[in-house]
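The following note sets out points for a colleague who is reading the structure alongside its sequence. The points are numbered for ease of reply.

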Amino acid sequence: MANDVLVLGIETSCDDTGAGIVLNGKKVLSNVVASQIKIHEKYGGVVPELASRNHLENVYYVIDKALKEAGVTLDMISAVAVTYGPGLVGSLLVGIETAKAIAFAKKIPLIGVNHLEAHLFAAFLEHEVKFPFLTLIISGGHTELVVVKEFGNYEVTGETRDDACGEAFDKVAKLLELGYPGGPKVEEMAKTGKKSFKFPKAVMKDGSSDFSFSGLKTAVLTHFKANKNMAKEDLCASFQNTVIETLLDNTLKTAVERNITEIVLGGGVVANKTLRESFKVKCEKEGFNVYFPGFNLCTDNGAMIAYVGYQKFLRKQFSGLDLNADPGLAIT
Ligand code: KG4
Ligand code: ZN
């Protein structure tokens, strides 16, 4: 229809090449992701140079597939949104330059999107959430608690002081030789394990809701070396349980302190089913509403970029063709 807004969202900040098309900031018409797991798994982590080269090979194919699946052409797109940070600079630049070329050729607005802001709002593609709300972003690069008063008005109330939550999963998987990416491998092992060992939870002396996961990772390693007979399944279940309890403690503490009842989760670690179930049970018991993005909206994808792109489109927050990558971009 005449007033419909179709946003193409492009995501290339790390190792997933994503393109998604969202209608009027609500309906996901397509959300195509090309994973590079096969390329990076033999190195046990993302190799930046290989990631950017593969984005370059995949990006046009992914966009083309997203257009076909949505049943639209590039001429029908109202605006192109793209992640400009945080992330790997070479990877970011592939998406940015592609988006610029489309915006220039089709004479449509270019909209730079903060990747973290996209994780923050990914659940909005499927749920109605009232402002203000508290978001917990847990991904491979970030662990942040953010109070969202309205779109564009954010206050970070907690963050990691060392490893990100997903990074801790990845490192534990590596030291237990489970493979890459670690999160899904640890979750799989934990399914048949017992939460028999209580690892200490990191609590900040200053009373803040910051996180720390590097000590936990070391505790898993020390315990593994000292108890070679302990099943890896039990170690994974115990580690995962400690992470979930820590995340729950800090999130609910902040929600109570801020008198907020709406809790939203976002980021790759939210694909963990045990975590989702634990949050659901505990939050409902304590009187909070909790919202999760669908599984394909948790890990990096183009639709969540298109959602934020739509919000910025409404506010005419467009970028120039001089848009550059900002690898260290934060939420402010
Ligand atoms: O959001 P994301 O796709 O990329 C970043 O922005 O970092 O998150 C990737 C992270 C990785 O650390 C991965 O191991 C973790 O999310 N992850 C999981 C699960 N699936 C992905 N962690 C725990 N359980 C999972 N099922
Ligand atoms: Zn991400």
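1. Phe133 is buried, its relative accessible area being 0%. In this predicted model, the ring of Phe133 pairs with that of Phe131, with centres 5.4 Å apart; the planes stand at 50°, so the pair is classed as tilted. Phe131, by contrast, is partly exposed at a relative accessible area of 39%. Both residues belong to one aromatic cluster, together with Phe121, Phe124, Phe151, Tyr154 and Tyr307.

2. A further aromatic pair is formed by Phe169 and Phe239, whose ring centres lie 5.1 Å apart with planes at 75°, so this pair is edge-to-face. Phe169 is located in helix H5 (residues 165-175) and Phe239 in helix H8, so the contact ties together parts 70 residues apart in sequence. Phe169 is buried, with a relative accessible area of 2%, and Phe239 is likewise buried, with 0%. The model holds 13 aromatic pairs by the rule applied.

3. The sheet deserves a separate comment. Five strands form an open sheet in the order S8-S7-S6-S9-S10, and the pairing is mixed. Strand S8 (153-159) and strand S10 (289-291) are the edge strands, each pairing on one side only. The average turn between neighbouring strands is 25°, direction ignored. Helix H8 (residues 232-258) packs on this sheet and touches strand S6 (133-138), strand S7 (143-150), S8 and S9; the direction of the helix makes about 160° with that of S6.

4. At one side of the sheet, strand S9 (residues 262-266) pairs with S10 in the parallel sense over 3 bridges. Within this pairing, Glu262 stands opposite Asn289 in S10.

5. Which protein donors does the zinc ion (ligand 2) have? They are His115 (NE2), His119 (NE2) and Asp300 (OD), which lie 2.0 to 2.1 Å from the ion. Along the chain these donors follow the spacing H-x3-H-x180-D. His115 lies in helix H4 (residues 115-121), whereas Asp300 lies in the loop between helix H10 (295-298) and helix H11 (302-314), 185 residues away. His115 counts as buried at 7% relative accessibility, and Asp300 is also buried, with a relative accessible area of 14%.

6. Ser30, in strand S3 (residues 27-35), is buried, with a relative accessible area of 3%. A polar atom of the Ser30 side chain lies 2.8 Å from the backbone oxygen of Ala66. Residues up to four places away in sequence aside, Ser30 touches Ala19, Gly20, Ile21, Ala66, Glu69 and Ala70.

Methods
Residues numbered from 1 in each chain as written. Chains lettered and ligands numbered in written order. Predicted model: local features only at pLDDT ≥ 70, side-chain atom pairs only at ≥ 80, totals over all residues. Heavy atoms only, no water. Pairing = 2+ DSSP bridges. Helix = DSSP H or I, 4+ residues; strand = E, 2+ residues; numbered from the N terminus. Axes fitted to C-alpha atoms, helices over the stretch in contact; angles between N-to-C directions. Contact = heavy atoms within 4.5 Å. Donors = N, O, S within 2.8 Å, 3.2 Å for Na, K, Ca; no water. Buried < 20%, exposed > 50% of the residue type's maximum accessible area, 1.4 Å probe, protein only. Polar contact = N/O pair within 3.5 Å; in protein donor to acceptor, adjacent residues only side chain to side chain. Phe/Tyr/Trp six-rings, centres within 6.5 Å; stacked < 30°, edge-to-face > 60°.
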